[in-house]
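User: Can you walk me through this one? I'd like to start with the aromatic contacts.

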Amino acid sequence: MKTAFAGLGVMGGPMARHLISAGYPVTGYNRSPDKARAWAEANGGTFAPTVAEAAAGAELFVLCVGNDDDVRQVVTEALPHLAKGAVIVDHTTTSARVAREMADLAAGQGAFFIDAPVSGGQAGAENGQLSVMAGGDAAALSRVEAALMRYSKAVKHMGPSGAGQLTKMANQICIAGVVQGLAEAVHFAQSADLDTDAVLDAISKGAAQSWQMDNRWKTMARGEFEFGFAVDWMRKDLGLVLDEARANGSHLALTALVDQFYSEVQAMGGARWDTSSLAARLQDRKRG
């Protein structure tokens, strides 16, 4: 299956590499040609200087870019050049609205668009352990599922176009609440002069256990926040969540509050810190 991959950053680069390792002929594209060239040289793929050239004749077109506008631009440029009946898989986290728009646009040109945001972060991309939440045509997804499984541990069809993005929003709601709770637990343990490692050992064996606890407790306690998904990107995602909540009438008081807390982290200079930096905000408030 001739494949193109647009967006070779910390997520897309490893994902495309897994496809090459599995024998897929992948042409990569990135807005920075130097990054695309370096990726191709390091992984044995090829690169193209434009979206159109990358998409030429591709049966599978995968993208992992920044936001709604990026998706619109890349898909619009790619569509006229894809093979007939091609499947576009978008791993970008976007609004459900743009997913539906792109699905309609693709259908009008004889292609399929699958909104397929992922969870698992940079480590999941590197290790081929992402979880994919997909919306769109089920038969089209089935055609490309084997390719997606090259960098994923699970691919789940969630419903019609936009359902993948809505599922990712639910994922981000959960993460926001869990990270804030964990940050407060670390802050409380330190304020009480407890041995934080001992606290972790005790409470991680019970109902408080979570992925965030297993992977971020110790780094939170040490004030280390350089582990992947940045606050800027989380705020983008939570903005999508809150926009959708206003549209569907759901009440997300905690999510809105954590989004405000992340804005405070940005103001502290932590825009590129990872999402566990909510702990830094609490320490800063205590010092203040």
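Analyst: One cut-off first: a residue is buried under 20% relative accessible area, exposed over 50%, and partly exposed in between. The model is predicted.

User: OK. How many aromatic pairs does the structure hold?

Analyst: One aromatic pair. It is formed by phenylalanine 225 and tryptophan 273, with 5.8 Å centre to centre and 35° between the planes, so it is classed as tilted.

User: Which parts of the chain does the pair link?

Analyst: Distant ones, 48 residues apart. Phenylalanine 225 is in the loop between helix 10 (211-222) and helix 11 (231-248), and tryptophan 273 is in the loop between helix 12 (253-267) and helix 13 (278-287).

User: Is phenylalanine 225 buried or exposed?

Analyst: Buried, because its relative accessibility is 8%. Tryptophan 273 has a relative accessible area of 22%, so it counts as partly exposed.

User: What lies over the face of phenylalanine 261?

Analyst: Arginine 281, at 3.6 Å from the ring centre.

User: Switching to strands. How covered is strand 8?

Analyst: Mostly: five of the six residues in strand 8 (residues 130-135) are buried.

User: And which way does strand 8 run against strand 7 and strand 9?

Analyst: Strand 7 (residues 118-119) pairs with strand 8 in the antiparallel sense, over two bridges. Strand 9 (residues 152-159) is parallel to strand 8, with six bridges joining them.

User: Where does serine 131 fit in?

Analyst: Serine 131 is the bridge partner of serine 119, and it also stands opposite alanine 154 in strand 9.

User: What do strand 8, helix 7 and strand 9 make?

Analyst: A right-handed β-α-β unit, with helix 7 spanning residues 138-148.

Terms used: Residues numbered from 1 in each chain as written. Predicted model: local features only at pLDDT ≥ 70, side-chain atom pairs only at ≥ 80, totals over all residues. Heavy atoms only, no water. Phe/Tyr/Trp six-rings, centres within 6.5 Å; stacked < 30°, edge-to-face > 60°. Helix = DSSP H or I, 4+ residues; strand = E, 2+ residues; numbered from the N terminus. Buried < 20%, exposed > 50% of the residue type's maximum accessible area, 1.4 Å probe, protein only. Lys NZ or Arg CZ within 6 Å of the ring centre and 35° of its normal. Pairing = 2+ DSSP bridges. Right-handed = clockwise from strand over helix to strand, strands pointing away.
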